[in-house]
Amino acid sequence: MYLGLLWAFWMICIMYQASIFWYGRRLLQTYEEDQSAYLYKNQQLPDAVSVIVCAHNELPNLKRLLPLLYEQNYRRYEIIIVDDRSTDGTIDFLLEEKKKHSQLKVVWVRHRPEYIKGKKYALTLGIRAASYEKLLFTDADCLPNSTEWIRGMNAALKENKDFVLGYSPYQQHKGLLNLFIRYETLMTAALYFSAALAGRAYMGVGRNLAYRKSFFMEKKGFYKHIRVAGGDDDLFVNEHASANNVAISLDDKTKVFSVPKHKLIEYYRQKTRHLSVGKYYKKTDHRWLGPLSISYIVFWIGLIGLILAGIEPYLILLGFLLKGFLQFTFLKTASRKLNDSINLALLPILDFLYVIYYVVLGISALSSKNTRWK
C-alpha cells in the first residue's frame, strides 16, 4: 500500500512539474519581441533615463562598469552612483570621474539608519536624486552586453507598463560551480519570464530592472519591507506587479552580464540572502512556487525509494524520461530565446544538484534573520 502511495505521489510531482514546464515553454515560444523595430529605427527616443547603481567597496567593478555606461548609445541619460560608505578608494575615484564626465552624479551615504536593512536606503537616496522619470537599475559588478542597453530597456517601458524585467546571466567560466550558477539563473529567469508573460509576474532582478520614479514614490518605495535585508528588487516587483503592468525584454542587446562567485561559500551567502526574501512573496505565488520546489525534492527521493523497493524499472524510466524531456525542452526554448547556451547534456546532474541547493539553502534562508547586503 505504502509503495503504491509513493508511486502515485511521485507521478503527481512529475505531472505538476511537467505542466509548469510545458506551459512556460509555450509562453516563451509564442512571445514576440515587438520592440526591435522601434528600438533601431527611432534613433531619437525622447525620454531621458536615470541609471542608478549602488556600490559598497566596488572600486575594481566600477572601473569596468562606468566606461560601458559612458559609451551607451543614448542621447539623454545620467548615471547615478550611490556610494554606500566605501573605504576602498571609491570616493577618490568617483570625484575624479565627476570632473571628466558631466552625466555622472554621485550620492554619498555616510550613515544608514539601523532600522533600514540592505541597500534599500542607498537605493532610495539614489532614486530621490534622479533628475528623470524613467529609472534603470543595475549592480556595480555587472556589465551591459551592448551600447544599446539603455535604449532597449527604455523602449520596453511603455505608457501602460510600470516594470521592465531584463535578463542578467552570469559570465561563463570553467568549473562545475559556474555551470550550476548559470543553470540556476537560466531556470529562475525562464520561470519568472514565463510567469510575467502569463500575467503573474512574481519577481525581477535588480541587476537589470526598470520602472518610473513617480511609481516608486506613489507606492511609498520599500516601506513595507524596510526591515528585510533583501528584496529591493523581487519583493518590490512581487508587491506591485499586476496582470498587465509588467513588460519583459529578451533582446540580446539588453542583457546585463554579472560576475559570478568563484567560491562555494561566497555563493552560499549570496543565495541565502536572495532566497530569504521568498517567504514574503504573495500567498498566491506561494501556492504554485511552493509545490514546485517540493516536487523537485520529492521527485528524487521518490526515484531513489522506488528503485530500492524494486518497482518495475520501465515504469521508473518512463516517469524519469517524461519529466526530463519536458524540462529539457523548456530550458532549451529559454536558452534559445535568451541566447544563453547551457550544456543541457548534464541536465540530470544539474537537476539533482538543484535539489541539494533547495534543501540546504532553503532551510538556511528560512531560518536566517541577519542576512546582509555587504
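A residue counts as buried when its relative accessible area is under 20%. Keep that in mind as you tour this predicted model.

**Stop 1: a helix.** Select residues 313-338, which form helix H12. Its 26 residues reach 37 Å from the first C-alpha to the last, close to the 38 Å expected at 1.5 Å a residue. Now colour its buried residues, including Ile316, Gly319, Leu326, Phe330 and Leu338. Polar names such as Lys323, Gln327 and Ser335 are on that buried list too. Just after H12 comes asparagine 339, with a positive phi near 50°.

**Stop 2: the sheet.** Next, show the open sheet of seven strands, with mixed pairing and the order E3-E2-E1-E4-E7-E6-E8. At its edges are strand E3 (104-109) and strand E8 (246-249), each pairing on one side only. From one strand to the next, the twist averages 20°.

Zoom in on strand E6 (residues 163-166) and strand E7 (residues 209-212), an antiparallel pair with three bridges. Which residue in E7 is the bridge partner of phenylalanine 163? Select tyrosine 211 to see that partner.

Then add helix H3 (residues 59-70), which lies across E1, E2, E3 and E4 and runs at about 165° to E2.

**Stop 3: the cores.** Phe163 and Tyr211 return here: in the largest nonpolar core, of 81 residues, they are among those touching the most other members, along with Leu165, Met187, Phe193 and Tyr202. Helix H7 (residues 176-197) gives the most to this core, with 13 residues. Apart from this core lies another, of 30 residues, among them Ile79, Val106, Ala156 and Val256.

Finish at tyrosine 202, whose contacts include Thr188, Leu191, Asp234, Tyr281 and Trp288.

Key:
Residues numbered from 1 in each chain as written. Predicted model: local features only at pLDDT ≥ 70, side-chain atom pairs only at ≥ 80, totals over all residues. Heavy atoms only, no water. Pairing = 2+ DSSP bridges. Helix = DSSP H or I, 4+ residues; strand = E, 2+ residues; numbered from the N terminus. Axes fitted to C-alpha atoms, helices over the stretch in contact; angles between N-to-C directions. Contact = heavy atoms within 4.5 Å. Expected span 1.5 Å × (residues − 1). Buried < 20%, exposed > 50% of the residue type's maximum accessible area, 1.4 Å probe, protein only. Core = buried A, V, L, I, M, F, W, Y, C linked by side-chain atoms within 4.5 Å. Lists of a residue's contacts leave out its neighbours within four places in sequence.
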